[in-house]
Amino acid sequence: MKGVQFLVAFVLLALASKLVSASDPSPLQDFCVAINDTKDGVFVNGKFCKDPKLATAEDFFLPGLNIPGNTSNQVGSMVTPANVQQIPGLNTLGISLVRIDYAPYGGLNPPHTHPRATEILVVVEGTLSVGFVTSNTDNRLFTKVLYPGDVFVFPEGMVHFQFNIGSTNAVAFAALSSQNPGVITIANAVFGSDPAINPDVLAKAFQLDQNIVKQLQSRFWWDNN
């Protein structure tokens, strides 16, 4: 009986270890500054690493997140990223940051998802209506109105949004649990893909007239290209 119990415990431990290893591995060095030049580099977690002896403070630095983003666009928002593309020293560290500016009276960060990161957002100015929707089949909406100092979490992979319901500019900062979280804006991906998705597919999926689908595709394809 003890042998069976030991075997069960061993199998559970092995399964737990496999689940843990399915996520991004912990860095095995102090840092891995990303470089584009492959010479004398080692490919680690998406980027080649600079020789640590050649790293400088600039590899871990980014100025300018105090500067408001330009919200003069169709959705009235601007996301300013601080990820591994802007800060090479973030490579393998599993974290990044964005500043989000929203225009008054309806500035929107449209429904989107981050395939590789959970997001935690803090409002520093203005009033935002935010929310996320859970996966099928519940599709449950979690939503909240946020004021300066309020914090909200968007779980990894969940479709989420932020909407400025105030009469003034709004500003938020968000941290994400990946150095390169990725973003898929739902409307752009569905109606603005290149090449375009067959209108018959979208007409049936969204229960829309095919002419409406084609109109949406022409609009979003133009915006994306």
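Residues are classed as buried under 20% relative accessible area, exposed over 50%, and partly exposed in between (1.4 Å probe, protein chains only). The structure is a predicted model, in which local features need pLDDT of at least 70 and side-chain atom pairs count only at pLDDT 80 or more, whereas totals for chains, interfaces and linings use all residues. Residues are numbered from 1 along each chain as its sequence is written, and side-chain values use heavy atoms, with hydrogens and water left out.

Val145 lies in strand S9 (residues 141-146), strands being DSSP runs of E of at least two residues and helices runs of H or I of at least four, numbered from the N terminus. Because its relative accessibility is 33%, Val145 counts as partly exposed. Together with Tyr147, Phe163 and Ile165, Val145 makes a nonpolar surface patch of about 350 Å²; residues in such a patch have over 30% relative accessible area and no salt bridge (a side-chain nitrogen of Lys or Arg within 4 Å of a carboxyl oxygen of Asp or Glu), and nonpolar side chains (Val, Leu, Ile, Met, Phe, Trp, Tyr) are joined within 5 Å, like charges within 9 Å. The areas come from the Shrake-Rupley method with a 1.4 Å probe, and for residues only the protein chains shown count as cover.

By contrast, Val33, found in the loop between helix H1 (2-21) and strand S1 (34-35), is buried, because its relative accessible area is 0%. Val33 and Gly89 stand 56 residues apart in sequence, yet their C-alpha atoms are 4.2 Å apart in space.
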